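Hi there,

Here is the structure I promised to pass on to you. Please have a look when you have a moment; my notes follow below.

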Amino acid sequence: MNHWITVRSRQISFRIDRRVPIVLVVLGLITLAIVLLSLGQGEYPISPIDVLKTLLKIETDNADYDFIIHTLRLPRALIAFLVGVGFAISGAILQGITRNPLAAPDIIGINAGASVVAVSFIVLFPSVPGFVLPIAAFAGAFVAAILIYLLAWDGGSSPIRLILIGVGIAAFTNAVISVMLTFGQINSVSQAWIWITGSVYGRSWEHLLPLLPWLIVLIPLALLLSRDLNVLHLGDDVARGVGSRVEWQRVLLLITSVALTGASVATAGTVGFVGLMAPHLARQLVGTAYEGLLPTAALMGGMITVLADLLGRTLFAPTELPCGVITATIGAPYFLYLLYQNRHQ
Amino acid sequence: MVKPSSLIREKARSPQKVIGRSQALLVVGLALCLLVLFICLITSITFGAAEIHPNTVFAALTAFDGSTEHLIIRTVRMPRSLIALMVGAALAVAGTILQGLTRNPLASPDILGINSGAAFAMVLVLFLLGGVSAPVYVGFAFLGAGLTAIAVYLLGSLGRSGMTPLKLVLAGSALTYLLFSLTTSILILDQETLDEIRFWLAGSVAGRDVSLFLQVLPCMVVGLLMAFAMGKPLTTLALGEDVATGLGLKTGWVKVTAIVVVVLLAGSAVAIAGPISFIGLIVPHVARFLIGTDYRWLLPYSACLGGILLLLADIGARLILKPQEIPVGIMTSLLGAPFFIYLARSRVKR
């Protein structure tokens, strides 16, 4: 039996695992269900049916629903989803190019670089317009990535040192963030926690708009590059042997990954471990071919973040936990489990 | 031709060079360290919002007259500086023992998550039971530190390759992430403790409860004395498990005692000053650079240097954003993280 679906046209050809379309549809439906639940959940509960009606602009009994859903809750849910997508794709790419199952933007310190620059911008230049923030965060993430790569370089980048140095960079930037928060006028604790733990609290359309262009450009780019990722995953020598321009592809992929992380962090702070978990879960569902893996991981990441946000709001209502706390509480044990899985390496 | 006698002398001298400096030099060095420690202590007491002359500082300590200045010295600055000194010493000695025990240059109570374990246990007990008496509070810090130490040790030694620096650090940082997010959850659920505890959670020696310090002090002193007594077996153990066993050392007992000492020291340090990072990582390396691998000397030196480093960091924390203060734990992270990266680059082989 044929495991693959092959798509061929004049410009482009690719093949995906037979499981991918089904998995994508199922994941999409689950995510949609969670979003509907999430939109209905809150201080002012709305039934999922009414949520659906409001979304489809069908008249409901209550005129307030439109405002609550479209202005307050929908942007938040969308941002949670998109940020999760960003982190997941970024993590999947990183795991591919480092050939390291434990690599993720948060673990090797790229998130930390993005968030320290974003926080510094907010503290030092409080009046910057919203669209600058993702650019700044991207710059921070990029500098951090270069720094980590250079510091970990030892006649070839060693996966072990990559992670150790990431741990060090994260410790340093966390200290700088704390200095900024002490020094700056961010007196509201909730603002500070957004950056430290990762939260989509109070995010609205104005936060969504600066994020969108990045995703619109970067996600298709990542999908286009997924074939190269497959080849790179085989190892540098093999990749060179089949005609890949290894260094060039790696740089392009790294930039894509870093940019996705930067844009996501600029919007919601460091929502930890999504970039680690989503690719692994996706790999268990659809195997290791990146054409299928990237979209699956993306949906998975979006689902995890939306679910984490929903849990954070409902577990101890009316008190709200940032979704980053939930993802870290689930993700850290998962990381330990991965460590256990890879114990013989 | 070389004379035989000089050859013999060469041979006799070289092993001593490898083991360490001569005893007399070590004693003088330790005395020098203590002197520097004392100077740092006085400087730390003298520095502050109110300008107080060093002479007044001495007067406040020797002939207390009840004036405002003397009160500031006795009730605010003196405790703060003593706490910094003791916490620094405790963390540094805990780090030295851990590095010897795991034969891992990156080991320290904060990297392995032991500090966060103690901090989480204390936040948890505050959340569940509200105000509790100091011994219970400190007891939970020990419990948290102990459980985390065991968990990291087990997770770090999984697999065929046994305990590697990477696995130990990864297990430690994953546990730190987990404990941090659990601590955060509790703090968000219980807004009242948040403000009270936030400064402590970043690691701070300012405005600590003096009575709590006095209750923790015996644990620290006992821990330090036990550590100093373990110098000889630790030196042997650092040669490797097999060699140590071959030399007749009961390695199991030494390890258990060492873990108990680490938990005692790290737990009490966290109970009084919060999870202060990187002191336990940096100091052992500096001490080893100065005097070699003889733990009989390494441990007292570490204690001294740890006190000095935390006192200096605390002075820096007061000066860097004057008139505001930053928690000293942030200072030590700013200093320590680059050092950690340096170690990861130079000491960890693939």
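**Notes on the cores and the chain contact**

B:Val87 is a good place to start: leaving aside residues up to four places away in sequence, it touches B:Met220, B:Ala269, B:Ile272, B:Ala273, B:Ile276 and B:Leu310. Do keep in mind as you read that this is a predicted model.

B:Val87 also belongs to the largest nonpolar core, which has 217 residues. Together with B:Ile97, B:Ile276 and B:Phe340, B:Val87 is among the residues with the most contacts inside that core. The element that gives the most to this core is helix α3 of chain A (residues 64-98), with 18 residues. There is also a second, separate core of six residues, including A:Val119, A:Ile177, A:Met180 and A:Leu181.

Now to where the two chains meet. The contact draws 41 residues from chain B and 46 residues from chain A. About 3,900 Å² is buried between them, and carbon and sulfur atoms give 80% of that area. I found zero salt bridges between chain B and chain A, and two residue pairs in polar contact, both at pLDDT 80 or more.

On the side of chain B that touches chain A, α7 (165-189), α8 (191-201) and α15 (328-347) each supply at least two residues. Of the elements there, α7(B) gives the most, with 17 residues. By residue type, this side of chain B divides into 27 nonpolar, eight polar and six charged residues.

Happy to talk it through whenever suits you.

Best wishes

Note on methods. Residues are numbered from 1 along each chain as its sequence is written. Chains are lettered from A and ligands numbered from 1 in the order in which they are written. This is a predicted model: local features need pLDDT of at least 70, side-chain atom pairs count only at pLDDT 80 or more; totals for chains, interfaces and linings use all residues. Side-chain values use heavy atoms; hydrogens and water are left out. A nonpolar core is a set of buried Ala, Val, Leu, Ile, Met, Phe, Trp, Tyr and Cys residues joined through side-chain atoms within 4.5 Å. Buried means under 20% relative accessible area, exposed over 50%, partly exposed in between (1.4 Å probe, protein chains only). Helices (H or I, at least four residues) and strands (E, at least two) are DSSP runs, numbered from the N terminus. Contact means heavy atoms within 4.5 Å. Buried area is the accessible area (1.4 Å probe) that two parts lose on being put together, summed over both. A salt bridge is a side-chain nitrogen of Lys or Arg within 4 Å of a carboxyl oxygen of Asp or Glu. A polar contact is a pair of N or O atoms within 3.5 Å; within protein, one must be able to donate a hydrogen and the other to accept it, and residues adjacent in sequence count only if both atoms are side-chain atoms. Ala, Val, Leu, Ile, Met, Phe, Trp, Tyr, Cys and Pro count as nonpolar, Asp, Glu, Lys and Arg as charged, and the others, Gly among them, as polar.
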